[in-house]
Amino acid sequence: VKGCLDILSTHLVGPLNKEQTDLVERADRRTSKCIQFLSALLKLTQMRLTGRIEREFFSLKNAVFNAFTSAEDMAAIKSIQMTYDLDPNVDEVYGSRVLIEDTLTNLLTNAVKYTPKGGQVHLAVQEQADCVLVKISDTGIGIPPEEIEKIFEEFYRASNARQIERDGTGLGLSMAREVIERHGGKIRVVSDSAGSTFSLT
């Protein structure tokens with residue numbers, strides 16, 4: 001389906017009028033969302049079925065910078081100030097670089113997505129005695145107190161988040177928890193109407 005839409009949108013089979021272009025663009029966006037959803041679901045299922053992940057020593061510092069850069073463009077569009085504080089002692093860790101970087105990117109882009117224009121997102125990474133602590137704080141919409149316990153469940157999305165973006169999958173935080181716990185860590189959130197702070201080890 002995506003391949004057919006790409007051919008249409010690049011006018012390889014002829015020009016489209018304004019209404020046709022609009023419909024093709026909407027179909028393309030929805031197809032992309034569907035692909036993201038399936039990809040997340042497959043990764044989550046694979047982790048649970050196999051019970052293992054590919055591990056190696058990798059630079060957490062580089063993974064943090066890559067994730068931070070991925071969210072910066074989205075933040076710039078909303079005039080959101082992004083800052084970071086990286087402990088110079090943080091470097092190599094043992095685990096899945098792809099999954100950790102993906103998790104950090106997801107948490108940062110969520111922070112930007114649910115922070116109003118002109119807000120702030122801060123990333124702090126600190127080495128501790130037996131782990132690395134990562135905190136992602138924002139001045140966003142927060143999570144309703146009665147829903148905090150549910151947000152790491154599959155397919156669950158906070159009611160105020162649904163009002164801002166209808167098409168979310170509700171899998172991002174569930175997958176983040178799975179990845180972090182598979183690495184022997186924990187993920188928590190503290191939230192109120194002034195924003196949220198996700199902490200993971």
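Ile 7, Leu 8, Leu 12 and Val 13 together make a nonpolar surface patch of about 380 Å². The model in which this patch appears is a predicted one. Leu 12, one of the four residues of the patch, lies in the loop between helix 1 and helix 2, the latter spanning residues 18-50. With a relative accessibility of 65%, Leu 12 counts as exposed, because the cut-off for that class is over 50%.

**Backbone in the loops**

The loop between helix 1 and helix 2 also holds His 11. His 11 is not a glycine, yet its phi is positive, at about 60 degrees. Its relative accessibility of 40% places His 11 in the partly exposed class. Most residues other than glycine have a negative phi.

A positive phi is found again at Ser 79, where the angle is about 55 degrees although the residue is not a glycine. Ser 79 sits in the loop between helix 3 (60-77) and strand 2 (81-86). At 54% relative accessibility, Ser 79 is classed as exposed.

**Salt bridges**

The model contains five salt bridges. The table sets out three pairs from among them.

| Pair | Closest N to O distance |
|---|---|
| Asp 6 and Lys 2 | 3.3 Å |
| Glu 101 and Arg 97 | 3.2 Å |
| Arg 182 and Glu 178 | 3.0 Å |

What separates Asp 6 from Lys 2 along helix 1? The two residues are four apart in this helix, which runs over residues 2-9, and so they are separated by about one helical turn. Asp 6 is partly exposed, with a relative accessibility of 32%. Lys 2 is likewise partly exposed, and its value is 25%.

Glu 101 and Arg 97 belong to helix 4, residues 97-113, where a spacing of four residues puts about one helical turn between them. Is Glu 101 buried or exposed? A relative accessibility of 16% makes Glu 101 buried, because that class takes values under 20%. Its partner, Arg 97, is partly exposed at 35%.

In helix 6, which covers residues 172-182, Arg 182 and Glu 178 are four residues apart, and about one helical turn separates them. Arg 182 has a relative accessible area of 27% and is partly exposed, whereas Glu 178 is buried at 13%. Elsewhere, salt bridges with shared partners link Lys 2, Asp 6 and Asp 28 into one network.

**The second largest pocket**

The second largest pocket of the model has a volume of about 360 Å³. It is lined by 17 residues, of which Val 93, Ile 100, Val 132, His 183 and Thr 201 are the closest to its centre. Which elements each supply at least two residues of this lining? Among them are strand 3 (92-95), helix 4 and strand 5 (132-138). Helix 4 is also the helix that holds the salt-bridge partners Glu 101 and Arg 97.

By class, the lining of the second largest pocket consists of eleven nonpolar residues, four polar residues and two charged residues. Val 93, Ile 100 and Val 132, which are among the residues closest to the pocket centre, belong to the nonpolar class. His 183 and Thr 201, also among the closest, count as polar.

Terms used:
Residues are numbered from 1 along each chain as its sequence is written. This is a predicted model: local features need pLDDT of at least 70, side-chain atom pairs count only at pLDDT 80 or more; totals for chains, interfaces and linings use all residues. Side-chain values use heavy atoms; hydrogens and water are left out. A salt bridge is a side-chain nitrogen of Lys or Arg within 4 Å of a carboxyl oxygen of Asp or Glu. Buried means under 20% relative accessible area, exposed over 50%, partly exposed in between (1.4 Å probe, protein chains only). Patches are made of residues with over 30% relative accessible area and no salt bridge: like charges are joined within 9 Å, nonpolar side chains (Val, Leu, Ile, Met, Phe, Trp, Tyr) within 5 Å. Accessible areas come from the Shrake-Rupley method with a 1.4 Å probe; for residues, only the protein chains shown count as cover. On a 1 Å grid over the protein atoms alone, a cavity is a set of points where a 1.4 Å probe fits but cannot get out, and a pocket is an open set with protein on both sides within 12 Å along at least five of seven lines; lining residues have an atom within 4 Å of a point. Grid points are joined across faces, edges and corners, and a volume is the space filled by probe spheres set on the points.
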